[in-house]
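This report describes the fold of one protein chain, beginning with its strands and ending with the chain as a whole. The reader is invited to consult the sequence and the structure shown here while reading.

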Amino acid sequence: MASATAGEDGQFKLSETSVLKIKKGDITQWFIDGSSDAIVNPANPRMLGGGGADGAIHRAAGPELREACVKVPEVRPGVRCPTGEARITPGFKLPASHVIHTVGPIYDSDKDPKGSLRNAYKNCLSVAKKNNIQYIAFPSISCGVYGYPYEEAATVALPTIKEFADGIKEVHFVLFDGNVYDVWLRKAKELLQV
Ligand code: ADP
């Protein structure tokens, strides 16, 4: 049997124990069980909220999320999460139990946008596993304000997830933008179907 197969409904087998699901939607509303699930926040290094998905996640989680983020130690002034790394907090008022904050590369100024984007996905999965997360939902990290072209981002995101998803039952992409969704689905069929 092929190691990765696609269904018509955006489901792809990543390994014997992991599945990828690609869907359209608002990541702030996503959850599976409210205890071993996490949404990924495409944050900035300060981790105190921002625009796009980050702003929507902070609004939906309530002010306790910002308070939890303030408590994350700075690694240098103004930086709680360097580009490509990940930090975890509770989800507070969100339906998902946890938020994994990561910082994607700014496409036009990062020295190695591909390496940084790969690290962001990889480190989110690593933090998830260390915290017994079974279900994780990603947005298209860096594809908004940070300006990463969708096709190139999908070409990094999907193989990185396949490489590091083992140990997580379900990896979801919850994509707000119809164009991003179309690119992700097409690229997944191209890169994950064997
Ligand atoms: P970045 O700064 O990493 O580019 P953005 O939040 O600006 O982060 O955009 C990342 C992606 O998240 C974009 O493709 C954007 O369409 C998407 N996005 C924005 N709001 C939401 C949401 N509520 N749920 C899921 N994805 C969202």
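## Strands β2 and β7

In this predicted model, strand β2 and strand β7 (residues 170-175) run parallel and are joined by 6 bridges. One residue of β2 illustrates this pairing: the bridge partner of lysine 21 in β7 is histidine 172.

Strand β2 (residues 19-24) also pairs with strand β1 (residues 11-13), in this case in the antiparallel sense, over 3 bridges. Lysine 21 takes part here as well, for in β2 it stands opposite glutamine 11. A hairpin of 5 residues provides the connection from β1 to β2.

## Serine 18 in the hairpin loop

The loop between β1 and β2 contains serine 18. Is serine 18 buried or exposed? A residue is called buried when its relative accessible area is under 20%. Serine 18 has a relative accessibility of 3%, and therefore it counts as buried.

What surrounds serine 18 in the model? Leaving aside residues up to four places away in sequence, serine 18 touches Lys13, Ala165, Asp166, Gly167, Ile168 and Lys169. With alanine 165 there is also a polar contact: the side chain of serine 18 reaches the backbone oxygen of alanine 165 at 3.2 Å.

## Helix α1

Helix α1 comprises residues 52-61, and its buried residues are Asp54, Gly55, Ile57, His58 and Ala61. Why do these residues lie on the same side of α1? They cover an arc of only 160° around the axis, and this places them on the same side of the helix. Gly52 and Arg59, on the other side of α1, are exposed.

The buried residues of α1 pack against three elements, namely β3 (37-42), α2 (63-70) and β5 (98-102). After α1 comes glycine 62, which has a positive phi, near 90°.

## Helix α2

Which residues of α2 are buried? They are Leu65, Ala68 and Cys69. Because these buried residues fall within an arc of 100° when seen down the axis of α2, they line one face of the helix.

The packing partners of the buried residues of α2 are α1, β4 (86-90) and β5. Strand β5 is thus a partner for the buried residues of α1 and also for those of α2.

## The chain as a whole

The protein chain has 5 helices and 7 strands. Read from the N terminus, its elements follow the order β-β-β-α-α-β-β-α-β-α-β-α. The radius of gyration of the chain is 15 Å, close to the 16 Å that the globule rule gives for 194 residues, so the chain is as compact as a globular protein of that length. Along the principal axes, its C-alpha atoms fill a box of roughly 50 × 40 × 30 Å.

Of the 194 residues in the chain, 49% are buried. The accessible surface comes to about 9000 Å², and carbon and sulfur atoms account for 51% of that surface. How are contacts distributed along the sequence? Among contacts between residues at least 6 apart in sequence, 69% join residues at least 24 apart. The pairs described above can be located in the model: serine 18 touches Ala165, and lysine 21 has histidine 172 as its bridge partner in β7.

Notes:
Residues are numbered from 1 along each chain as its sequence is written. This is a predicted model: local features need pLDDT of at least 70, side-chain atom pairs count only at pLDDT 80 or more; totals for chains, interfaces and linings use all residues. Side-chain values use heavy atoms; hydrogens and water are left out. Two strands pair if DSSP finds at least two bridges between them. Helices (H or I, at least four residues) and strands (E, at least two) are DSSP runs, numbered from the N terminus. Buried means under 20% relative accessible area, exposed over 50%, partly exposed in between (1.4 Å probe, protein chains only). A polar contact is a pair of N or O atoms within 3.5 Å; within protein, one must be able to donate a hydrogen and the other to accept it, and residues adjacent in sequence count only if both atoms are side-chain atoms. Contact means heavy atoms within 4.5 Å. The arc is that of the directions from the helix axis to the C-beta atoms. The radius of gyration is taken over C-alpha atoms; the globule rule is 2.2 Å times the number of residues to the power 0.38. Accessible areas come from the Shrake-Rupley method with a 1.4 Å probe; for residues, only the protein chains shown count as cover.
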